[in-house]
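This report describes selected features of one structure. Please consult the sequence and coordinates shown below alongside the text.

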Amino acid sequence: MGRPSLLLPLCSSVSLLGGLTFGYELAVISGALLPLQLDFGLSCSEQELLVGSLLLGALLASLVGGFLIDRYGRKQAILGSNLVLLASSLSLGLASSLTWLVLGRSVAGFAISLSSMACCIYVSELVGPRQRGVLVSLYEAGLTVGILLSYALSYALAGAPWGWRHMFGWAAAPALLQSLSLLFLPAGAGEAVAHKDLIPLQGGEATKLGLGRPRYSFLDLFRARDNMRGRTTVGLGLVLFQQLTGQPNVLCYASTIFRSVGFRGGSSAVLASVGLGAVKVAATLTALGLVDRAGRRALLLAGCALMALSVSGIGLVSFAVPMDSGPSCLATPNATRLAGLPGDASLPKGLAPPLLPTTNQSPGRPVLSTSEKTKPHHGAGDPAGPPLAALSIAPPAPPAPASEHALLHWTALVCMMVFVSAFSFGFGPVTWLVLSEIYPMEIRGRAFAFCNSFNWAANLFISLSFLDLIGAIGLSWTFLLYGLTAVFGLGFIYLFVPETKGQSLAEIDQQFQKRWFALSFGHRQSSTGVQYSRIEVSAAP
């Protein structure tokens with residue numbers, strides 16, 4: 001028999017472990033890619049296929065996952081996705097060909113995308129208004145920790161025989177722990193009421209299940225009924241501005257950006273992976289403490305404003321310093337980095353893997369030394385392991401810039417840190433929290449998945465267009481364009497995004513039905529409508 005006092009810790013573990021699994025699976029390819037290239041002789045196009053296969057699986061899950069979540073329930077969707085992830089980890093660990101690797105990564109992408117959506121919805125429905133913000137945002141914190149954990153494990157296993165097999169296999173560990181936590185939790189708010197579990201009921205939402213609750217079809221998302229069209233506008237606006245502000249590129253090309261403004265050699269990789277990772281963790285933890293105090297709307301406004309200023313600062317700095325060539329084909333494409341996903345993933349929601357050196361004669365392509373091509377060595381400043389020493393650079397790296405540019409270099413570094421921090425306490429966690437709150441329970445899974453599909457698609461578009469955009473207008477104007485987009489995002493948040501802090505899901509639903517523009521939405525709120533019922537939580541047999 002479970003104890004009521006364990007319920008919130010169990011919900012916390014489900015959210016945290018779900019994010020950790022997502023972050024680890026996203027970032028593990030950055031450490032495994034070069035060993036795979038050496039073992040299987042992968043060409044650049046084959047590496048892109050391997051990395052992009054995760055995105056293909058995730059896109060598929062975002063298209064069909066919502067129907068699975070609404071049809072079979074949130075808990076069953078998470079357990080099912082964990083089972084699929086275990087199968088993919090086994091497939092990747094035993095893979096002997098590129099075909100099996102691509103298949104395994106595609107299945108893993110499907111599993112983590114489905115799990116991320118179901119996890120945020122499940123936790124938001126199960127806990128009360130005063131805990132919902134923190135517990136759902138724990139997913140983003142877990143995602144960030146998962147990324148850093150994958151870097152650490154990749155570094156530890158880099159010199160081990162077939163180390164990449166162990167890297168992929170360890171993704172199953174947090175998924176198994178999450179499944180164990182779920183066994184002691186109810187299937188959802190309806191079961192919590194029926195069994196009288198210790199669940200803060202969502203302002204009467206759970207008690208109304210089956211008692212005249214409306215039914216919604218997928219097409220209702222685009223209709224005026226219950227202001228569903230307005231809710232969809234809010235959801236799509238958040239996920240699109242989350243990506244169109246350039247977040248995937250700023251993170252995943254951070255190493256290249258640092259080199260472009262004067263940071264040379266291995267230091268750029270260290271700054272991109274370790275420095276930005278630490279900043280991202282600290283900012284995400286700050287969001288956990290503020291999301292139920294300052295509110296969702298305040299964090300989004302502050303974060304978007306800081307993103308606009310900082311990314312514009314990077315653009316202005318790059319006017320004064322020369323730009324290096326872009327990332328190599330061996331670098332992990334940022335289609336795998338979704339910050340805050342479910343996202344943002346951020347990926348979400350992710351951090352930049354160390355990028356490989358390139359030549360000025362052939363931008364974007366590394367120069368492989370044929371005598372060292374098959375022999376990995378440990379390279380300084382590469383948190384993912386030995387890959388860097390397997391490459392030679394021709395011609396030698398440009399000399400360090402003049403000392404008068406030192407202030408600009410540090411300005412760019414500060415702007416980068418501010419950008420990462422602003423995303424990590426704004427768009428990163430809050431986008432998915434708001435999406436889990438604004439839709440009625442009956443269509444919440446399909447609505448969340450629909451918005452999530454646009455998140456993945458926009459991430460892919462921004463990722464693939466980055467180098468072309470730089471070629472067309474230059475690095476400086478590219479980041480200034482991202483800054484302008486963030487300004488538009490700031491206006492969108494101010495006009496359309498409601499404050500849902502401290503409100504039950506039923507109260508949020510009622511207020512959305514009454515109004516479209518929500519400038520004062522949620523400011524008059526209280527917790528008096530929140531009902532609590534003490535009960536015994538029974539463990540699943």
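The sections below treat the basis of the values, two helices, a cavity, the cysteines and two loop residues.

## Basis of the values

The model is predicted: local features require pLDDT of at least 70, side-chain atom pairs count only at pLDDT 80 or more, and totals for chains, interfaces and linings use all residues. Residues are numbered from 1 along each chain as its sequence is written, and side-chain values rest on heavy atoms, with hydrogens and water left out.

## Helix 1

Helices (H or I, at least four residues) and strands (E, at least two) are DSSP runs numbered from the N terminus. Helix 1 contains 34 residues, and its first and last C-alpha atoms lie 47 Å apart, close to the 50 Å expected at 1.5 Å a residue; the expected span is 1.5 Å times one less than the number of residues. A kink of about 45° is located at Ala32, shortly before the proline Pro35. The bend at a residue is the angle between axes fitted to the seven residues ending there and the seven starting there.

Of the 34 residues of helix 1, 28 are buried, so the helix is largely enclosed by the rest of the structure. Here buried means under 20% relative accessible area, exposed means over 50%, and partly exposed lies in between (1.4 Å probe, protein chains only). Just after helix 1, Gly41 adopts a positive phi of about 60°.

## Helix 5

Helix 5 comprises 29 residues (residues 129–157); at 1.5 Å a residue it should span 42 Å, and the 43 Å between its end C-alpha atoms agrees with this. Helix 5 also has a kink of about 25°, centred on Leu138.

Gly146 belongs to helix 5 and is buried, with a relative accessible area of 0%. Its C-alpha atom is separated by 8.8 Å from that of Leu17, although the two residues are 129 residues apart along the chain.

## The second largest cavity

Leu17 recurs in the lining of the second largest cavity, together with residues including Phe22, Asn82, Ile112, Tyr139 and Gln178. A cavity is a set of points, on a 1 Å grid over the protein atoms alone, where a 1.4 Å probe fits but cannot get out; lining residues have an atom within 4 Å of a point. The second largest cavity holds about 60 Å³ of space. Helix 1 (7–40), helix 3 (74–94) and helix 4 (98–126) are the elements that give two or more residues to this lining.

Helix 1 supplies the largest share, 4 residues. By class, the lining has 6 nonpolar residues, 6 polar and no charged. Ala, Val, Leu, Ile, Met, Phe, Trp, Tyr, Cys and Pro count as nonpolar, Asp, Glu, Lys and Arg as charged, and the others, Gly among them, as polar.

## Cysteines

A search of the whole structure finds 0 disulfides, a disulfide being a pair of cysteine sulfur atoms within 2.5 Å. Why does Cys11 not form a bond with Cys119? The sulfur of Cys119 is the closest cysteine sulfur to that of Cys11, yet at 9.6 Å it is too far for a bond. Cys11 is buried at a relative accessible area of 1%, and Cys304 is buried with a value of 1%.

## Positive phi before helix 9

Asp226 lies in the loop between strand 1 (199–201) and helix 9 (228–244). This residue has a positive phi of about 50° although it is not a glycine, and is partly exposed at 23% relative accessible area.

Asn227 is found in the loop between strand 1 and helix 9. Its phi is positive, near 60°, in a residue other than glycine, and at 15% relative accessibility Asn227 counts as buried.

Note on methods: 1 Å grid on protein atoms, 1.4 Å probe; cavity = no way out; pocket = protein on both sides within 12 Å on 5 of 7 lines; lining within 4 Å. Points joined across faces, edges and corners; volume = space filled by probe spheres on them.
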